[in-house]
Amino acid sequence: MRYSSNSLMIARTTDRGRGMTLVELMVSLVILMVVLGAVYSILNLQQTKSVQVTRTTVLQTDAQVAFTLLKWDILLAGMGYPYEDQDAFQLANAGSDATLKAVGLGFEMSHSQWSYLLDNVDGGTLPVRRWDDNLANFQIGDTLIIMNEVRRPLYEGLIITGIDTFTFYDPIWNNEVPGLLLNISENIGARAGLIVFRRNAATYFGGLTYTLTNDTLMRGTEALLTNVEAIQFRYGLDTDNDGIIDNWSNANNPLFNPMYARKWAVRFTVVIASDIITGYQAPEDSILIETDPAPYYLVLTPDMKRRKRAILSSIIYPQNLQPGEGL
């Protein structure tokens with residue numbers, strides 16, 4: 001059989017122009033959608049994980065900063081405050097709020113100058129050690145307190161009316177010590193070596209109160225940390241001075257009975273949550289916050305279960321809350 005050249009050309013043209021059928025196109029689209037869906041799922045999962053890691057890192061950083069500041073405040077509670085005054089550390093609302101009283105607290109320490117007497121006081125002049133950092137020294141108009149060895153205030157409400165510099169010769173160490181001569185508002189008599197504080201009236205008498213308000217930890221009138229779900233304070237008593245807390249309490253103003261060796265400790269626990277994290281679901285319905293003196297569980301609501309949280313706890317033995325030696 002013979003074919004003409006025209007017939008061959010038509011056949012070749014028809015084979016070359018044949019496209020995809022509708023079925024083939026639909027199968028291709030389905031495969032493409034499956035591949036794109038898998039890629040999107042992987043990217044979305046990675047994005048979610050990245051957000052979770054970022055928020056958890058920020059949560060941990062904020063928590064550690066606030067935790068450190070709170071530890072410093074508690075550690076310095078009662079500094080320059082007479083030990084027999086039993087309200088240098090007060091608890092309220094079953095330990096969720098705490099009030100600290102001291103000359104200086106935490107990061108305000110730089111604003112609470114102190115020094116020690118170099119020599120016996122002569123009338124209305126206090127010879128004290130002068131520091132190299134001028135910001136650490138006293139200023140005219142400061143109100144002073146002189147404390148004895150067991151933190152009882154010998155004199156309160158002393159006003160600095162004038163300041164001179166001098167050099168004191170220390171016969172014990174056989175060297176010269178830079179000093180300040182503080183002219184004060186009244187004549188007193190005291191021996192050398194006692195501690196002189198500049199009184200910070202706001203924290204010395206009124207105290208600084210930590211409260212939890214609407215998920216915000218307030219330090220006085222300032223917000224210290226947000227997204228705080230719970231905070232607990234405890235007083236602890238170490239009756240035999242072995243470093244093990246024998247009895248925890250939430251009672252206000254625990255008595256400072258110096259008849260036996262013991263140490264007071266303050267324990268605090270802070271629960272800090274992140275913002276809501278998409279795709280995260282906490283497996284538990286509650287979290288154990290305290291075990292002593294009684295178990296305390298934080299019950300998680302559906303909204304709380306979508307947040308990650310950090311639980312930080314510490315036990316501190318504030319030296320200024322301990323009874324003085326020999327009392």
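Leaving aside its neighbours within four places in sequence, which residues is Asn200 in contact with? The first legend below takes up this point, and the others turn to further parts of this predicted model.

**View 1. Asn200 in the loop between strand S8 and helix H3.** The residues in contact with Asn200, once its neighbours within four places in sequence are set aside, are Ala102, Val103 and Ser112. Asn200 itself sits in a loop, with strand S8 (195–198) on one side of that loop in sequence and helix H3 (201–206) on the other. Asn200 counts as buried because its relative accessibility is 17%, and the cut-off for buried is under 20%.

**View 2. The whole chain, as a setting for the close-ups.** The secondary structure of the chain comprises three helices and 17 strands, and of its 327 residues 40% are buried. Among the contacts in the chain with a separation of 6 or more, 66% are between residues that lie 24 or more positions apart. The accessible surface amounts to about 18,400 Å², and carbon and sulfur atoms account for 56% of this area.

**View 3. The open sheet of five strands.** The strands follow one another in the order S1-S2-S9-S10-S11, and their pairing is antiparallel. Strand S1 (89–92) and strand S11 (222–225) each have a single partner strand, so they stand at the edges and one side of each is left without a neighbour in the sheet. From one strand to the next, the twist averages 25 degrees. In general, the strands of a sheet pair through backbone hydrogen bonds, either parallel or antiparallel.

**View 4. The hairpin of S1 and S2.** Four residues lie between these two strands, and in the turn Asn93 has a positive phi of about 50 degrees. S1 and S2 run antiparallel and are joined by four bridges, and Gln90 has Thr99 in S2 as its bridge partner. Strand S2 (residues 97–100) is covered on both faces, with Asp97 and Thr99 buried on one side and Ala98 and Leu100 buried on the other.

**View 5. Further pairings within the sheet.** On going from S2 to strand S9 (residues 208–213), one finds three bridges between strands that run antiparallel, and the bridge partner of Ala98 in S9 is Tyr210. Strand S10 (residues 216–219) is likewise joined to S11 by three bridges, with the two strands running antiparallel. In this pairing, Leu217 has Leu225 in S11 as its bridge partner.

**View 6. Ile146 in strand S5.** Strand S5 spans residues 143–147 and includes Ile146, which is buried, with a relative accessible area of 0%. Beyond its neighbours within four places in sequence, Ile146 is in contact with Leu126, Arg152, Pro153, Leu154, Tyr155, Leu158, Ile188, Leu194, Ile195 and Val196. One of these residues, Ile195, is 49 residues from Ile146 along the chain, yet the C-alpha atoms of the two are separated by 5.8 Å.

**View 7. A nonpolar patch on the surface.** Leu22, Leu25, Met26, Leu29, Leu32 and Leu36 together make this surface patch, which has an area of about 600 Å². Met26, one of the residues in the patch, has its place in helix H2, which covers residues 22–75.

Terms used:
Residues are numbered from 1 along each chain as its sequence is written. This is a predicted model: local features need pLDDT of at least 70, side-chain atom pairs count only at pLDDT 80 or more; totals for chains, interfaces and linings use all residues. Side-chain values use heavy atoms; hydrogens and water are left out. Buried means under 20% relative accessible area, exposed over 50%, partly exposed in between (1.4 Å probe, protein chains only). Contact means heavy atoms within 4.5 Å. Accessible areas come from the Shrake-Rupley method with a 1.4 Å probe; for residues, only the protein chains shown count as cover. Two strands pair if DSSP finds at least two bridges between them. Axes are lines fitted to C-alpha atoms, for helices over the stretch in contact, and angles run from 0 to 180 degrees between N-to-C directions. Patches are made of residues with over 30% relative accessible area and no salt bridge: like charges are joined within 9 Å, nonpolar side chains (Val, Leu, Ile, Met, Phe, Trp, Tyr) within 5 Å. A salt bridge is a side-chain nitrogen of Lys or Arg within 4 Å of a carboxyl oxygen of Asp or Glu.
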